[in-house]
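Colleague: Could you take one part of this model and go through it closely for me? I would like the sheet and what packs against it, told as one connected account.

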Amino acid sequence: MNQNATAKGTEADCVSRSFCPKLSVAEDPVCGSAHCQIADYWSGELNKKQITAYQASKRGGYLYCELREDGRINISGKAALVAVSDIVAEL
């Protein structure tokens with residue numbers, strides 16, 4: 001489970017840091033899954049559907065988050081592909 005810290009930003013709508021010590025991850029460089037929660041929170045606080053977030057880690061980066069009408073959140077930004085996999089479910 002990630003532990004997130006967030007605050008209102010000046011150059012972005014919000015800034016954050018994301019830690020996961022239980023999985024031996026000192027700090028996630030830029031965490032898309034954490035920003036599903038962070039963007040939802042700041043959307044309500046700022047009354048905005050589109051949030052620009054900055055994760056202030058050593059390799060930090062910007063995330064562009066959009067809250068959709070169906071309750072989902074679109075997140076975009078620069079990314080590095082680290083794995084490709086298929087999930088197969090037996091029915």
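Modeller: What follows goes from the sheet to the helix across it, then to the core, the cysteines and two individual residues.

This is a predicted model, in which local features need pLDDT of at least 70 and side-chain atom pairs count only at pLDDT 80 or more, while totals for chains, interfaces and linings use all residues. Residues are numbered from 1 along each chain as its sequence is written, and side-chain values use heavy atoms, with hydrogens and water left out.

The sheet is open and has five strands in the order β1-β2-β3-β4-β5, with mixed pairing; strands here are DSSP runs of E of at least two residues and helices are runs of H or I of at least four, numbered from the N terminus, and two strands pair if DSSP finds at least two bridges between them. At its edges lie β1 (3-8) and β5 (73-76), each of which pairs on one side only. Averaged over the sheet, with direction ignored, neighbouring strands are turned by 30° against each other; axes are lines fitted to C-alpha atoms, for helices over the stretch in contact, and angles run from 0 to 180 degrees between N-to-C directions.

Strands β2 (residues 14-19) and β3 (residues 50-55) run parallel and are joined by three bridges, and S16 stands opposite Q55 in β3. By contrast, β4 and β5 run antiparallel, with four bridges between them, and L67 has I73 in β5 as its bridge partner. These two strands form a hairpin with five residues between them, and G71 in the turn has a positive phi of about 90°.

Helix α1 (residues 32-46) lies across β1, β2, β3, β4 (61-67) and β5, running at about 35° to β1. The largest nonpolar core has 12 residues in all, namely C14, C31, A34, I38, A39, W42, I51, A53, L63, C65, L67 and I73; such a core is a set of buried Ala, Val, Leu, Ile, Met, Phe, Trp, Tyr and Cys residues joined through side-chain atoms within 4.5 Å, where buried means under 20% relative accessible area, exposed over 50% and partly exposed in between, with a 1.4 Å probe and protein chains only. Helix α1 gives the most to this core, with four residues.

Three members of the core are cysteines, C14, C31 and C65, yet the count of disulfides comes to zero, a disulfide being a pair of cysteine sulfur atoms within 2.5 Å. C31 cannot form one because its closest cysteine sulfur, in C20, is 8.2 Å away, too far for a bond; C31 is buried at 4% relative accessibility. For C65, which is in no disulfide either, the nearest cysteine sulfur is that of C14, 6.9 Å away, and C65 is buried at 2%.

Returning to strand β3, Q55 counts as buried because its relative accessibility is 0%. Its side chain reaches the backbone oxygen of D28 at 2.7 Å, and, leaving aside residues up to four places away in sequence, Q55 touches residues including S16, C31, H35 and L63, contact meaning heavy atoms within 4.5 Å.

In strand β1, K8 is exposed, with a relative accessible area of 58%. Beyond four places in sequence, K8 touches D13, C14, W42 and L46, and K8 and E45, which are 37 residues apart in sequence, are 9.5 Å apart in space, C-alpha to C-alpha.

Note on methods: Polar contact = N/O pair within 3.5 Å; in protein donor to acceptor, adjacent residues only side chain to side chain.
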